[in-house]
Amino acid sequence: MKGKSVKTFFDTHAHYSAYNKNQEYYLPIIDYFSNDFSKEIRVLDIGCGDGSFLKGLKAANLRGDFLGVDISFNLLRKAKTNVSDQKGIHFVVADAFNPPFRNTEKFNLIHIDSVLHHLIDDNRKKSNRLSKDLLTILRSKLSQNGILIVEEMYYNSRILPHLTSSIIFYSLKIINRLQLDLTFFRNDLKPGLEVNFFSEDQLVNILNELGSVMTMQRNPSKLSKLEKVMFLRERGHITYFVKI
Ligand SMILES: C[S@@+](CC[C@H](N)C(=O)[O-])C[C@H]1O[C@@H](n2cnc3c(N)ncnc32)[C@H](O)[C@@H]1O
């Protein structure tokens with residue numbers, strides 16, 4: 001969704017509990033990179049939601065300066081409450097494309113979870129471009145030996161992999177244009193939602209242009225009947241590490 005509509009969507013649905021992850025979820029991720037950094041680190045979490053990731057870092061005793069950026073004022077309000085007992089975590093309301101820091105500023109670790117599929121333009125090609133552009137900006141913000149952690153929804157299809165994304169992308173555009181409320185049909189079809197999902201190979205191809213990519217964890221979800229009809233073989237949440 002373009003800046004204003006994605007902001008409105010997340011400000012309206014900030015109370016949605018799916019944006020809260022428990023700290024155990026992050027342990028394998030933190031385990032993977034904790035040996036790479038010996039002292040205090042600078043961390044940037046883009047689209048940080050309720051701050052669960054940064055809170056998880058603190059709980060794992062990582063030290064340093066942690067910054068969460070999100071376009072949604074209401075989610076950041078939740079984030080501030082969520083980490084109110086922690087020092088060294090700051091939040092700023094901003095669009096990831098206009099980050100609130102100087103050009104020269106660098107981070108050891110940049111994390112972006114479930115944000116790319118919310119970057120929506122008029123068509124899929126332009127939306128894919130937005131994701132590539134944002135990832136390139138983030139890469140340029142990494143310090144030497146820095147790590148980019150990308151978490152996303154992924155799917156693998158039995159046939160015609162990219163057709164599934166296009167069906168979902170354009171169906172949601174039509175539903176919103178017609179101002180239909182289909183939450184009775186699927187609770188996650190919240191009014192105003194638009195998404196641009198990546199198939200696994202598509203996201204890996206984008207990330208390969210940035211550095212060396214390692215798939216860290218894959219959490220498949222149970223497929224619904226509708227998803228099976230759309231020839232999905234697997235879908236879920238995936239985590240990549242990109243080292244530059
Ligand atoms: C699905 S939520 C994920 C939140 C969190 N990263 C997590 O994994 O729980 C997507 C988040 O991205 C934020 N977001 C979407 N587009 C953004 C943008 N252009 N700039 C900054 N934040 C954005 C939303 O406000 C929302 O908090």
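What share of the contacts in the chain with a separation of 6 or more comes from residues 24 or more positions apart? I looked this up before anything else, and I find that such residues account for 72% of those contacts. I note here that the model is predicted.

**Entry: the whole chain**

I count 8 helices and 7 strands in the chain. I took the radius of gyration next: it is 18 Å, close to the 18 Å that the globule rule gives for 244 residues, so the chain is as compact as a globular protein of that length. Along the principal axes, I find that the C-alpha atoms fill a box of roughly 50 × 35 × 35 Å. For burial, I note that 32% of the 244 residues count as buried.

**Entry: α2 against α3**

I then turned to a helix pair. Helix α2 covers residues 23-34 and helix α3 covers residues 52-59. I read a packing angle of about 70° for them, and their axes are 9 Å apart. Angles of 65 to 115 degrees count as roughly perpendicular, and I therefore enter α2 and α3 as roughly perpendicular to each other. I record the crossing of α2 and α3 as right-handed. On the α2 side, I list Gln-23, Tyr-26 and Ile-30 as making the contact. On the α3 side, I list Phe-53, Lys-55, Gly-56, Leu-57 and Ala-59. By class, I sort the residues of this contact into 5 nonpolar, 2 polar and 1 charged.

**Entry: Ala-14 and Ser-72**

I looked at Ala-14 in the loop between α1 (3-12) and α2. I find 19 other C-beta atoms within 10 Å of Ala-14, and a residue needs 20 or more to be buried, so I enter Ala-14 as partly exposed. Leaving aside residues up to four places away in sequence, I see Ala-14 touching Ser-72, Asn-74, Leu-75 and Lys-78. I also checked Ala-14 against Arg-77: the two are 63 residues apart in sequence, and their C-alpha atoms are 9.3 Å apart in space.

I followed the contact to Ser-72, which sits in the loop between β2 (64-70) and α4 (73-82). Is Ser-72 buried or exposed? I count 24 other C-beta atoms within 10 Å of Ser-72, so I enter Ser-72 as buried. With residues up to four places away in sequence again left out, I find that Ser-72 touches Lys-7, Phe-10, Asp-11 and Ala-14. For one of these, Asp-11, I looked up the spacing: Ser-72 and Asp-11 are 61 residues apart along the chain, and 5.4 Å separates their C-alpha atoms.

**Entry: positive phi**

I looked at two residues for their backbone angles. I read a positive phi of about 60° for Ser-114, although Ser-114 is not a glycine. I place Ser-114 in the loop between β4 (107-113) and α5 (124-140). Ser-114 has 16 other C-beta atoms within 10 Å, so I enter Ser-114 as partly exposed.

I then read the phi of Asn-145, which is positive at about 65° although Asn-145 is not a glycine. Where does Asn-145 lie? I find Asn-145 in strand β5, which runs over residues 142-157. I count 10 C-beta neighbours inside 10 Å of Asn-145, and the limit for an exposed residue is 12 or fewer, so I enter Asn-145 as exposed.

Conventions. Residues numbered from 1 in each chain as written. Predicted model: local features only at pLDDT ≥ 70, side-chain atom pairs only at ≥ 80, totals over all residues. Axes fitted to C-alpha atoms, helices over the stretch in contact; angles between N-to-C directions. Helix = DSSP H or I, 4+ residues; strand = E, 2+ residues; numbered from the N terminus. Parallel < 35°, antiparallel > 145°, perpendicular 65-115°, else oblique. Left-handed = near helix turned anticlockwise from the far one by under 90°. Contact = placed C-beta atoms within 7 Å. Nonpolar A, V, L, I, M, F, W, Y, C, P; charged D, E, K, R; others polar. Rg over C-alpha atoms; globule rule 2.2 N^0.38 Å.
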